[in-house]
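Reader: I should like to work through this model by question and answer. Please state the basis of each value as it arises.

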Amino acid sequence: MNKDAATKVFESLSSGVRLDAWRLLVKAGPDGMVAGELANNLGLAANTLSFHLKAMMYAGLLSVTQEGRFLRYRANISLMVELIGYLTEECCAGHPEACGIGCINPSTQLEQSCCAKA
């Protein structure tokens with residue numbers, strides 16, 4: 001990931017509504033949620049939600065598939081893992097043990113110790 005891509009993700013999440021939608025979709029996992037279900041859970045009108053989902057789609061945070069007359073949205077978890085990796089790739093100047101944190105490895109998408117990098 002590069003700085004422009006990271007900035008695009010952050011800009012797309014710079015709204016409480018979008019953060020709430022993202023968290024709901026993460027919670028839903030690979031099944032995702034249809035737009036109406038999302039709108040219902042967030043207490044939003046469909047057109048308001050549509051505006052926010054388009055911004056998130058532009059950043060690559062979501063995927064969408066048509067199921068008959070419904071649209072099912074899914075969180076792009078791998079993009080978020082990539083963002084976390086970008087943010088933490090140089091934690092504590094290459095000595096993450098000094099920070100006392102674990103890191104996300106974008107290639108495996110699993111939490112592991114930064115110290116395990118060889």
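Reader: Of the contacts in the chain with a separation of 6 or more, what percentage is due to residues 24 or more positions apart?

Author: This is a predicted model, in which local features need a pLDDT (the predictor's confidence in each residue, from 0 to 100) of at least 70 and side-chain atom pairs count only at pLDDT 80 or more, while totals for chains, interfaces and linings use all residues. Residues are numbered from 1 along each chain as its sequence is written, and side-chain values use heavy atoms, with hydrogens and water left out. A contact means heavy atoms within 4.5 Å. Among contacts with a separation of 6 or more, the share from residues 24 or more positions apart is 48%.

Reader: Which pattern do the helices and strands follow along the sequence?

Author: Helices (H or I, at least four residues) and strands (E, at least two) are DSSP runs, numbered from the N terminus. The chain has five helices and five strands. Read along the sequence, they give the pattern α-α-β-α-α-β-β-α-β-β.

Reader: In what order do the strands of the open sheet stand?

Author: Strands pair if DSSP finds at least two bridges between them. Two bridges join β1 (residues 33-34) to β3 (residues 70-75), and six join β2 (residues 62-67) to β3. Both pairs run antiparallel. The three strands thereby form an open sheet with the order β1-β3-β2.

Reader: Which strands stand at the edges of that sheet, and why is one side of each left without a neighbour?

Author: Each edge strand has a single partner strand, so one side of it has no neighbour in the sheet. The strands at the edges are β1 and β2.

Reader: Which residue of β3 is the bridge partner of valine 34?

Author: Several partners in β3 can be named: methionine 33 is bridged to tyrosine 73, and serine 63 stands opposite arginine 74. Glutamate 67 has phenylalanine 70 as its bridge partner. For valine 34, the partner is arginine 72.

Reader: Which residue in the hairpin of β2 and β3 takes a positive phi?

Author: The hairpin has two residues between its strands. The phi in question is near 65 degrees, and the residue that takes it is glycine 68.

Reader: With which residue does arginine 72 form a salt bridge?

Author: A salt bridge is a side-chain nitrogen of Lys or Arg within 4 Å of a carboxyl oxygen of Asp or Glu, and the count by this rule comes to one. Arginine 72 is buried at 18% relative accessibility, where buried means under 20% relative accessible area, exposed over 50%, and partly exposed in between (1.4 Å probe, protein chains only). Its partner is partly exposed, with a relative accessible area of 32%. The closest N and O atoms are 2.8 Å apart, and the partner is glutamate 67.

Reader: How far from arginine 18 is the nearest side chain of opposite charge?

Author: Arginine 18 lies in helix α2 (residues 16-28) and is buried yet has no salt bridge. Leaving aside neighbours within four places in sequence, its contacts include Glu11, Ser12, Phe51 and His52. Lys and Arg count as positive and Asp and Glu as negative, whereas His and the chain ends are not counted. The nearest side chain of opposite charge is glutamate 11, at 8.4 Å.

Reader: Is histidine 52 buried or exposed?

Author: Histidine 52 belongs to helix α4 (residues 46-58). Not counting residues up to four places away in sequence, histidine 52 touches Ser15, Val17 and Arg18. Its relative accessible area is 12%, and histidine 52 is therefore buried.

Reader: What distance separates the C-alpha atoms of serine 12 and leucine 53?

Author: Serine 12 is in helix α1 (residues 3-12) and is buried, with a relative accessible area of 3%. Beyond four places in sequence, serine 12 is in contact with Arg18, Ala55, Met56, Ala59 and Leu61. Serine 12 and leucine 53 are 41 residues apart along the chain, and their C-alpha atoms are separated by 9.2 Å.

Reader: Which element of the chain has the lowest mean pLDDT?

Author: The mean pLDDT of the chain is 85, and 81% of its residues reach 70 or more. Over residues 108-118, however, pLDDT stays under 50. Where pLDDT is low, the predicted coordinates should not be read in detail. Among the elements, β1 has the highest mean, 97, and the lowest, 46, belongs to strand β5.
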